[in-house]
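Here are some comments on the model, set out as numbered points for you to check against the coordinates on your screen.

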Amino acid sequence: MRWVGADTEKRYKVAPHPLLRPEDVTYNFNSLGYRCPEFNLDKLEKKVISVVSIGASEVFGIGLPEDKTFPHQFAKLLEKETGYPVINWNLGMGGASSDYMSRTLFSALAVLKPDVVLFVLPPPRRREHINQAGRAHFYINTKTGINTLDKLKTYLVDPGHISQIKANNALSSDFNDQINYFKNYLICQSICEKYDVMWLFSFISNKYMSHIEPLVKKEHLVAPGLLELALKHKGNPAEGLARDMGHPGIKPNQEMAELFLERLKALYSTRLESI
């Protein structure tokens, strides 16, 4: 697959990337829909290090070849550092919320039992609600609600969703978005600690950590965020931006991978040496 989410052929024709061509980026998914190898745990080598990475489109790697995404580059750096093969299970999903991250890690770590977990918190305004029928609704806290065209499409295709959107907008606020954000961070932290994995986290942008920064385990924090790293290269879109000309590109992802490895070595040097 060559085009996914914000990385569309139509957008590319309007604003071609100076380096990445249509054939340079492909999206390959495993049988469960993740951009990573199959979860064939019984076929793993005995001395393989496994990494779970999770977040939104920046972790998924929109607009980038898979080997240029920061989770993949981190795995290669860790492989070089330890001398053991490293497998990266990328559970990133475009548009993901912190709700998605906590509920996914809750299930994934029990099954995959990784050695390392990297999670990148997306904007706090992204929320999920799972109704009584088990249907997951994704929404963004916004005072403008949904525009007229989207309302018309929803009435025609999924009229029951309009009431859900209205309820979501009525219930969410800047205040409880932050409460929900911190709750999900704590869930991710506690799950990682429960399974005794080496874990690190980052915010997609530094601006999202201001309200909860005093409450997080800063020794596990990797900063700056990917968006800040991308801003450093705004004068060089060939390396600073992904093919969609919006997401962080090759260079910011490389720098993010290096920062994660540097923090991992500083925090878990003894455990890495004992592998």
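1. Does His220 count as buried or exposed? The model is a predicted one, and in it His220 has a relative accessibility of 7%, which is under the 20% cut-off for a buried residue, so His220 counts as buried.

2. As to its surroundings, His220 belongs to the loop that runs between β6 (198-203) and α8 (226-231). With residues up to four places away in sequence set aside, His220 touches Trp199, Leu200 and Phe201, and also Leu267 and Tyr268.

3. Strand β2 deserves a separate look, because five of the five residues in this strand (residues 86-90) are buried, and β2 is therefore largely enclosed by the rest of the structure. In a regular strand the side chains alternate between the two faces of the sheet. Here Val86, Asn88 and Asn90 point one way from β2, while Ile87 and Trp89 point the other way, and all of these are buried.

4. The partner to examine alongside β2 is β1 (residues 49-54), since the two strands pair in the parallel sense over five bridges. Within this pairing, Ile49 stands opposite Val86 of β2.

5. The largest nonpolar core comprises 56 residues, and Phe74, Leu78 and Phe119 are those with the most contacts inside it. Leaving aside neighbours within four places in sequence, Leu78 is in contact with Ile49, Val51 and Val86, as well as with Val116, Leu261, Leu264 and Leu272. A second core, separate from this one, has nine residues, among them Val4, Ile62, Leu64 and Ala242.

Conventions: Residues are numbered from 1 along each chain as its sequence is written. This is a predicted model: local features need pLDDT of at least 70, side-chain atom pairs count only at pLDDT 80 or more; totals for chains, interfaces and linings use all residues. Side-chain values use heavy atoms; hydrogens and water are left out. Buried means under 20% relative accessible area, exposed over 50%, partly exposed in between (1.4 Å probe, protein chains only). Helices (H or I, at least four residues) and strands (E, at least two) are DSSP runs, numbered from the N terminus. Contact means heavy atoms within 4.5 Å. A nonpolar core is a set of buried Ala, Val, Leu, Ile, Met, Phe, Trp, Tyr and Cys residues joined through side-chain atoms within 4.5 Å.
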